[in-house]
Amino acid sequence: MKAPKELKVKPIRNGTVIDHITANKALNVLKILGLPSKEAAVTIAMNVKSSLMGKKDIVKVEGRELESREVDKIALIAPKATINIVRDYEIVGKSKVTLSNHVNGILKCPNPNCITNTNEPVTSKFSVMDMGPLMLRCYYCERIMSNQDIEKQFK
Ligand code: CTP
Ligand code: ZN
């Protein structure tokens, strides 16, 4: 039997399609979004072919649009991700995630003695040292966070 030309994942009616996720990172993205949950309809595609990236993951969430804080976290895991907002089957917004030079209040410094891990009211703050693979440095204790250290916080 001849294989179908293309196997498409079903379109969604209202919600968000996170496309161009780095291959194998869909589960980290779900974690960031607090998914799976009891109610939300979620479609996941992993390691699908992409002309742009070779392989990619896709996550579709029905009935939900993302908060900017969630998008900032996704940028740390999947720097090429595209956020598509879908309303009544139409894409009404498309944007790329962006990584700024500073990552504030999102990650926990891995150094237990860092001032951000004491009772002092100091929010974590990292500067981006390298974009690919991502490497961050704590503003307070200079501890370096590797791509793997970052991923661990979204597992
Ligand atoms: N999509 C969806 N439901 C819809 C509309 C779109 O699930 N009602 C999905 C598509 O399957 C695709 C993504 O949203 O994975 C982006 O759709 P579209 O912009 O139409 O695709 P492309 O042009 O390929 O996107 P890009 O230019 O970002 O690569
Ligand atoms: Zn630190």
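In this predicted model, Ser 50 touches Lys 55 and Lys 56, leaving aside residues up to four places away in sequence. Ser 50 belongs to strand 2, which spans residues 42-50. Its relative accessible area is 10%. Ser 50 therefore counts as buried, the cut-off being under 20%. A polar contact also involves this residue: the Ser 50 side chain reaches the backbone nitrogen of Met 53 at 2.9 Å.

The zinc ion (ligand 2) is held by four cysteines. Its protein donors are the SG atoms of Cys 109, Cys 114, Cys 138 and Cys 141. These donors lie 2.3 to 2.4 Å from the ion. Angles among the four donor atoms run from 100 to 116°, and the site is tetrahedral. The spacing of the donor residues in sequence is C-x4-C-x23-C-x2-C. Cys 109 sits in the loop between strand 6 (102-104) and strand 7 (125-131), whereas Cys 138 is in strand 8 (residues 134-138). The pair therefore ties together parts 29 residues apart in sequence. Both Cys 109 and Cys 138 are buried.

Aromatic contacts were searched across the whole structure, and one pair was found. It consists of Tyr 139 and Tyr 140, with ring centres 5.0 Å apart. Their planes stand at 90°, so the pair is edge-to-face; the class requires planes over 60 degrees apart. Tyr 140 has 36% relative accessibility and is thus partly exposed. Tyr 139 also takes part in a contact with a charged residue. Lys 125 lies over the face of the Tyr 139 ring, 4.1 Å from the ring centre.

Notes
Residues numbered from 1 in each chain as written. Chains lettered and ligands numbered in written order. Predicted model: local features only at pLDDT ≥ 70, side-chain atom pairs only at ≥ 80, totals over all residues. Heavy atoms only, no water. Phe/Tyr/Trp six-rings, centres within 6.5 Å; stacked < 30°, edge-to-face > 60°. Buried < 20%, exposed > 50% of the residue type's maximum accessible area, 1.4 Å probe, protein only. Lys NZ or Arg CZ within 6 Å of the ring centre and 35° of its normal. Donors = N, O, S within 2.8 Å, 3.2 Å for Na, K, Ca; no water. Tetrahedral: all angles 85-135°; square planar, octahedral: opposite > 155°, others 65-115°. Helix = DSSP H or I, 4+ residues; strand = E, 2+ residues; numbered from the N terminus. Polar contact = N/O pair within 3.5 Å; in protein donor to acceptor, adjacent residues only side chain to side chain. Contact = heavy atoms within 4.5 Å.
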